[in-house]
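User: Please go through the labels used in this description and show how each one follows from its definition. Start with what is meant by a contact.

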Amino acid sequence: MTAQTLCPCGRGEVYGACCGRFHAGDPAPTAELLMRSRFSAFAVGDVPYLRRTWHPSTRPRHVQLDADRTWTRLDILDVQRGGLLDTDGVVEFRAHSSGGVLHERSRFVRADRAWLYLDGVLTPG
């Protein structure tokens with residue numbers, strides 16, 4: 001993916017100005033932007049970013065992406081807290097892929113001024 005390609009997160013910006021800057025090291029300022037940047041990391045195969053933005057208490061030892069799955073679209077359904085002054089937040093989303101749709105309600109926490117993915121609850125169907 002180049003810096004001028006449209007970002008996979010669906011905000012309509014180019015990757016370099018959108019999630020690419022977070023993948024390069026800038027901290028995401030909100031839980032929603034972290035969620036979007038994590039979706040983009042799945043889409044572009046950026047495993048180090050996924051590990052770096054996963055809370056240490058719930059981070060798996062290994063993150064293995066399915067090479068046969070292509071992530072195609074992200075729909076944000078609900079956002080609770082997770083703003084510039086919050087310490088926790090929830091983002092509900094649907095992530096569309098070649099393997100179907102993943103519907104999750106994710107929890108995020110801010111630690112040392114950085115948002116981290118804590119965990120999520122999947123919604124069947």
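Analyst: Contact means that heavy atoms lie within 4.5 Å. The model is predicted, with local features needing pLDDT of at least 70 and side-chain atom pairs pLDDT 80 or more, while totals for chains, interfaces and linings use all residues. Residues are numbered from 1 along each chain as its sequence is written, and side-chain values use heavy atoms, with hydrogens and water left out.

User: Which residues does A95 touch, not counting residues up to four places away in sequence?

Analyst: The partners of A95 are F39, W71, R73, L74, G100, V101 and L102, with residues up to four places away in sequence not counted.

User: What makes a set of residues a nonpolar core, and which members of the largest one touch the most others?

Analyst: A nonpolar core is a set of buried Ala, Val, Leu, Ile, Met, Phe, Trp, Tyr and Cys residues joined through side-chain atoms within 4.5 Å. Buried means under 20% relative accessible area, exposed over 50%, and partly exposed in between (1.4 Å probe, protein chains only). The largest core has 20 residues, of which L34, M35, F39, A95 and F108 touch the most other members. Two or more residues each come from α2, α3 (47–52), β1, β2 and β4 (114–122), and α2 gives the largest share, six residues. Another core lies apart from this one and has five residues, among them C7, C9, Y15 and C19. Nonpolar side chains tend to be buried together in soluble globular proteins.

User: Why is the contact between E32 and R36 called a salt bridge?

Analyst: A salt bridge needs a side-chain nitrogen of Lys or Arg within 4 Å of a carboxyl oxygen of Asp or Glu. The N to O distance between E32 and R36 is 3.0 Å, so the pair qualifies. The two residues are four apart in helix α2, which means that about one helical turn separates them. Helices (H or I, at least four residues) and strands (E, at least two) are DSSP runs, numbered from the N terminus. E32 has 26% relative accessibility and is therefore partly exposed, whereas R36, at 11%, counts as buried.

User: How many salt bridges does a search of the whole structure find, and what joins D78, E92 and R105 into one network?

Analyst: The search finds seven. D78 and R105 form one of 3.5 Å, N to O; D78 is in strand β1 (residues 71–81) and R105 in strand β3, so this pair ties together parts 27 residues apart in sequence. R105 also pairs with E92, with the closest N and O atoms 2.9 Å apart. E92 lies in strand β2, so the R105 pair here ties together parts 13 residues apart in sequence. Salt bridges with shared partners thus join D78, E92 and R105 into one network.

User: Are these three residues buried or exposed, or in between?

Analyst: D78 has 26% relative accessibility and counts as partly exposed. R105, at 29%, is also partly exposed. E92 has 18%, so it counts as buried.

User: How do you know that a space is a pocket, and how much space lies in the largest one?

Analyst: On a 1 Å grid over the protein atoms alone, a pocket is an open set of points where a 1.4 Å probe fits, with protein on both sides within 12 Å along at least five of seven lines; a cavity is a set the probe cannot get out of, and lining residues have an atom within 4 Å of a point. Volume is the space filled by probe spheres set on the points, which are joined across faces, edges and corners. The largest pocket holds about 400 Å³. It is lined by 20 residues, with R38, F42, L65, W71 and L102 closest to its centre. Helix α2 supplies the largest share of the lining, six residues.

User: What makes R113 stand out in its backbone, and why is it called exposed?

Analyst: R113 has a positive phi of about 65° although it is not a glycine. Most residues other than glycine have a negative phi. R113 sits in the loop between β3 and β4, and its relative accessible area of 75% is over 50%, so it is exposed.
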